[in-house]
Amino acid sequence: METILFLAHTELDGSLGKPAREALAAAKALALNLAEAKLAAGLVGGQVQPAADSIARSGAARFLGVAGADFSQSRYASDAAAIEALCKASQATLIIAPATSRWNRVAAGAAQRLGGGVDTHIAGIAVAGGVVWVNRWYYRQRLEAVLQRAQRPWFIVVDPGNHAPYEGAAGAAPVELIPVNLPESCKRTSVAGTRQPAGDAQTIRPGAALLFVAGAGWTKKQADGQLHVKEAEKLILDCLRLTRASLGSSKSLVDLGSEGQAVLGFLTHLNQIGQTGSTPRHPKGLAACCHGEEPHTVGWRFINERRAINLDPNCGWARGKADVLYVADAFAVMAKVNELMAAEPLKAPLQGHGLLQQGQVGEILGTADEFLAAADARQREHRHLEAEPLNSPRAFELVAEAVQAVHVVEEVHQ
Ligand SMILES: Cc1cc2nc3c(=O)[nH]c(=O)nc-3n(C[C@H](O)[C@H](O)[C@H](O)COP(=O)(O)OP(=O)(O)OC[C@H]3O[C@@H](n4cnc5c(N)ncnc54)[C@H](O)[C@@H]3O)c2cc1C
């Protein structure tokens, strides 16, 4: 008989974050599908009672907690001690935990202490023939494996986004507080604070409606025989600022930096899309100055609508890799797209948006810059509204209009 422990850390206000509620949904479903399984909840944090109350009706038979100031922040030594204590107190055999950065850091260490096993990046959990199976992807989502383990306890660390988060009525949960005496040696690390980049500094936005991919062409000599890297930087950043698109790159472009060539300063290897890069899942993608070679476009497998701007009518995009290829100068097209974007009434893309509905932004419509500065501040303030204030695929749509204004344009529809 398995004892399933839903293992989560609380947020600073004592609540449970979305990844934790997703892991709880997975743990609850597993308990229902596994004969005679018992479900318990193990919570770690500065305070755990609000979190326990919020999941009081989740079906957990026990609520165990390790609470106190020593456990409010992410720290390997105190988190490992808390997890060890919760697993021992609950006698858990299966531990379902969310893949937050805090738990990712400590799950393997805690499993090792308990003589157990761990699997991370789990995308699904199922029961077949009375056996628990987990799914995870390998080799950049090209291979999916289905695994089982005899070793117990077994830590199953669930990636966010794979389960609908648990939503249930709150109640009063009796929490059994488990004492953990931390020696001074476990308190050597203290968290001084949290720093996060400003909204504009972050160019990788998994939730964005549009992926904008820059290729090495932005840094190559143009028709006048000159480099225009600074101009390229401005065009790309303006596009990102106006659309809140996510920024992808070809490998050639991110590699240029290490080869001592002129590069776009805000790009890193994390932006790289492709065989040796990432495989994002935005609904639309727009590539500019990127050749569209197979090792790059393989990273576009999950992008449904694709357009590309390239001077070369024989580039890879023309060979069935994009729905529409605009044979045009990307500098001219993107300058026009940005001009059209900036001139658009900002209200339009916001229609139906949560912020507007709640009357949060109605009064601040001004110039694009004023609006975005205020929207960023409000976005930070109203994170619970989730969607970004301006997250629109408009650049994608406006390219067709922009190319009309640009010389030497050919449109190739696949
Ligand atoms: C094992 C292996 C793994 C790889 N993995 C990856 C990967 O993960 N991701 C990846 O991206 N690549 C990968 N590559 C490299 C890949 O094959 C290509 O070399 C790379 O994608 C080319 O990048 P690019 O299109 O930006 O540059 P280029 O090939 O230099 O193309 C630049 C393009 O810009 C266009 N251009 C120039 N100026 C303009 C302008 N003004 N307007 C419009 N267009 C313009 C040119 O016509 C040209 O098509 C891999 C290669 C190998 C061998």
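Which polar backbone atom is 3.3 Å from a nitrogen atom of the ligand? In this predicted model, the partner of that ligand nitrogen is a polar backbone atom of Leu311.

**Figure 1. Polar contacts of the ligand with Leu311, His296 and Lys220.** The backbone of Leu311 places a polar atom 3.3 Å from a nitrogen atom of the ligand. Side chains provide two further examples: an N or O atom of His296 lies 2.8 Å from an oxygen atom of the ligand, and a polar atom of Lys220 is 3.0 Å from a ligand oxygen. On its own, the ligand has 980 Å² of accessible area, of which the protein covers 77%.

**Figure 2. The shell of residues around the ligand.** The shell holds 28 residues, and those that come nearest are Ala216, Gln222, Ser250, His291 and Asn310. By class, 10 shell residues are nonpolar, 13 are polar and five are charged. At least two residues each are supplied by helix H6 (251-256), helix H7 (294-297), strand E13 (305-310) and helix H8 (330-343).

**Figure 3. The pocket that holds the ligand.** The ligand sits in the second largest pocket, which contains about 630 Å³ of space. Its lining comprises 33 residues, with Ala216, Gly217, Cys289, Cys290 and His291 closest to the pocket centre. Elements H6, H7, E13 and H8 each give two or more residues to this lining. The lining residues divide into 11 nonpolar, 15 polar and seven charged.

Methods. Residues are numbered from 1 along each chain as its sequence is written. This is a predicted model: local features need pLDDT of at least 70, side-chain atom pairs count only at pLDDT 80 or more; totals for chains, interfaces and linings use all residues. Side-chain values use heavy atoms; hydrogens and water are left out. A residue is near a molecule or strand if one of its heavy atoms lies within 4 Å of it. A polar contact is a pair of N or O atoms within 3.5 Å; within protein, one must be able to donate a hydrogen and the other to accept it, and residues adjacent in sequence count only if both atoms are side-chain atoms. Accessible areas come from the Shrake-Rupley method with a 1.4 Å probe; for residues, only the protein chains shown count as cover. On a 1 Å grid over the protein atoms alone, a cavity is a set of points where a 1.4 Å probe fits but cannot get out, and a pocket is an open set with protein on both sides within 12 Å along at least five of seven lines; lining residues have an atom within 4 Å of a point. A molecule sits in a cavity or pocket if more than half of its atoms lie within 2 Å of its grid points. Helices (H or I, at least four residues) and strands (E, at least two) are DSSP runs, numbered from the N terminus. Ala, Val, Leu, Ile, Met, Phe, Trp, Tyr, Cys and Pro count as nonpolar, Asp, Glu, Lys and Arg as charged, and the others, Gly among them, as polar. Grid points are joined across faces, edges and corners, and a volume is the space filled by probe spheres set on the points.
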